[in-house]
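I opened the model today to see how its strands and helices are put together, and I kept these notes as I went.

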Amino acid sequence: MSAKSAISKEIFAPLDERMLGAVQVKRRTKKKIPFLATGGQGEYLTYICLSVTNKKPTQASITKVKQFEGSASFVRRSQWMLEQLRQVNGIDPNRDSAEFDLLFENAFDQWVASTASEKCTFFQILHHTCQRYLTDRKPEFINCQSKIMGGKWTPLYF
């Protein structure tokens, strides 16, 4: 079973949510934490996931999920409602780059996806989800390649 399939099954299915997409990421800049984080020391994989609830009214959210070294399970770390997303920055619209930033009402993270194509796919799903589920204020997509904003979209289900 792939990591994304396992995340969908372990993290979202029990809450009656459907994961639309995920991207494996690493921090572009190190966060300065003056104390030992609750996750402990060691290596881990981080995924940024986009999901929607199965019940009406449908709500979309972005969730940070981690898998710590030596563990087969995944842990939900942070979650933001899609309405809290203010800006998606693709960093460079002129080249395929794996770097991106997400700006929320109360958080800002700088990421590098495992590949530029994985970032592109995640951005396409994120852009379509924002168009579909947000009616009032949609996040600003800046420095993104035009292929992210248009074209035919096919949802990825795991």
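I began with a single residue pair and found that L85 stands opposite F104 in β6. The two strands here, β5 (residues 85–89) and β6 (residues 99–104), pair in the antiparallel sense over 4 bridges; strands are DSSP runs of E of at least two residues, helices are runs of H or I of at least four residues, both numbered from the N terminus, and two strands pair if DSSP finds at least two bridges between them.

I noted that this is a predicted model, in which local features need pLDDT of at least 70 and side-chain atom pairs count only at pLDDT 80 or more, while totals for chains, interfaces and linings use all residues. Residues are numbered from 1 along each chain as its sequence is written, and side-chain values use heavy atoms, with hydrogens and water left out.

Next I looked up the whole sheet, which is open, has 8 strands in the order β4-β3-β2-β1-β7-β6-β5-β8, and shows mixed pairing. I saw that β4 (75–81) and β8 (140–142) stand at the edges with a single partner strand each, so one side of each has no neighbour in the sheet. From one strand to the next the twist averages 30 degrees, where axes are lines fitted to C-alpha atoms (for helices over the stretch in contact) and angles run from 0 to 180 degrees between N-to-C directions.

I then turned to the helices and found that α1 (residues 3–12) packs on the sheet, touching β1, β2, β3 and β4, with its direction at about 120 degrees to that of β1; contact means heavy atoms within 4.5 Å. Helix α2 (residues 116–133) also packs on the sheet, touching strands including β5, β6, β7 and β8, and its direction makes about 135 degrees with that of β1.

Is T129 buried or exposed? I found T129 in helix α2, and it counts as buried because its relative accessibility is 1%, the cut-offs being under 20% for buried, over 50% for exposed and partly exposed in between (1.4 Å probe, protein chains only). Leaving aside neighbours within four places in sequence, T129 is in contact with L20, L50, V52, A60, L82 and L134. A polar atom of the T129 side chain lies 2.7 Å from the backbone oxygen of I125.

Last, I looked at N143, in the loop between β8 and α3 (146–149), which counts as partly exposed at 34% relative accessibility. N143 and N89 are 54 residues apart in sequence, yet their C-alpha atoms are 5.7 Å apart in space.

How values were computed
Polar contact = N/O pair within 3.5 Å; in protein donor to acceptor, adjacent residues only side chain to side chain.
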